[in-house]
Amino acid sequence: MLLTPSDRCKLDSSSDTLFYQQPRFVTHVDDQFIAQLTALYRKLLRPGTKILDLMSSWVSHLPPELECQEIVGHGLNQAELARNPRLNRYFVQNLNENPQLPLGDQEFDAVLNTVSVQYLQQPELIFAEIHRILKPGGIAIISFSNRMFYQKAIQAWRDRSDRQRLELVKSYFQTTPGFSPPQLFVQENSGFWSKLVASDPFYGVVANRSME
């Protein structure tokens, strides 16, 4: 396995179901990050796509003009998912307790995961599930920044720098058979002026299920 038992540990070992019991109707990244994510979705997602928004909440950050066949949401808080206007349907499931998705093989054109990959204790199993439910040629888009619920992020994430986390997510794809080589999308603060108006750094890792 890619991670050791200690890599998977969280400072708060209580059930994630309890932690996310109360809804949080906030955005966990800033407007510039959201704009970059929406632009990436606009670039990579096609109209008529069937999407799984994995570990979603009350907003999906999709381009407003993107018309999809269906958007299925997953998360840990029903109230948040119910408020998300882009979701056609949704389900609640704790992936750290049950990593098997109740979805069909090759059912989706795209799987999205936004600022949540750091909480997966069994990422190898989840990425295998992402591969299973994607159609051949389907796309997975994983995005994150440097923000997190520190007590709920796994140790492998807490102990790494942002760039090392980028490589970690890249390795999740690389060690899952059947994905194309991952593409990296990075926007960090650099230079004097950008540091004066610092925004959340943007990291995206994208791969496709291989054609079969």
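In this predicted model, a good place to start is α6, whose buried residues pack against α4, β5, α5, β6 (183–187) and β7. That helix also gives the largest nonpolar core its largest share, five residues. Beyond the cores, there's a pocket of about 620 Å³ to look at.

**Helix α6**
- Buried residues here are Asp-162, Arg-165, Leu-166, Leu-168, Val-169, Ser-171, Tyr-172 and Phe-173.
- With 13 residues, α6 spans 18 Å from first C-alpha to last, close to the 18 Å expected at 1.5 Å a residue.

**Nonpolar cores**
- The largest core counts 37 residues, and Leu-52, Leu-54, Val-117 and Ile-130 have the most contacts inside it.
- At least two residues of this core come from each of β1 (50–54), β4 (108–114), α4 (123–133), β5 (134–144), α5 (155–158), α6 (162–174) and β7 (202–208).
- Take Val-117: setting aside neighbours within four places in sequence, its contacts are Phe-127, Ile-142, Phe-144, Trp-157, Val-169 and Tyr-172.
- There's also a second, separate core of 22 residues, with Tyr-41, Ala-110, Leu-112 and Val-115 among them.
- As a general backdrop, nonpolar side chains tend to be buried together in soluble globular proteins.

**Largest pocket**
- Some 34 residues line the largest pocket, and those nearest its centre are His-28, Met-55, Ser-56, Val-115 and Ser-116.
- Its lining is a mix by class: 13 nonpolar, 15 polar and six charged residues.
- Val-115 turns up twice, as a member of the second core and as one of the lining residues nearest the pocket's centre.

How values were computed: Residues numbered from 1 in each chain as written. Predicted model: local features only at pLDDT ≥ 70, side-chain atom pairs only at ≥ 80, totals over all residues. Heavy atoms only, no water. Core = buried A, V, L, I, M, F, W, Y, C linked by side-chain atoms within 4.5 Å. Buried < 20%, exposed > 50% of the residue type's maximum accessible area, 1.4 Å probe, protein only. Helix = DSSP H or I, 4+ residues; strand = E, 2+ residues; numbered from the N terminus. Contact = heavy atoms within 4.5 Å. 1 Å grid on protein atoms, 1.4 Å probe; cavity = no way out; pocket = protein on both sides within 12 Å on 5 of 7 lines; lining within 4 Å. Points joined across faces, edges and corners; volume = space filled by probe spheres on them. Nonpolar A, V, L, I, M, F, W, Y, C, P; charged D, E, K, R; others polar. Expected span 1.5 Å × (residues − 1).
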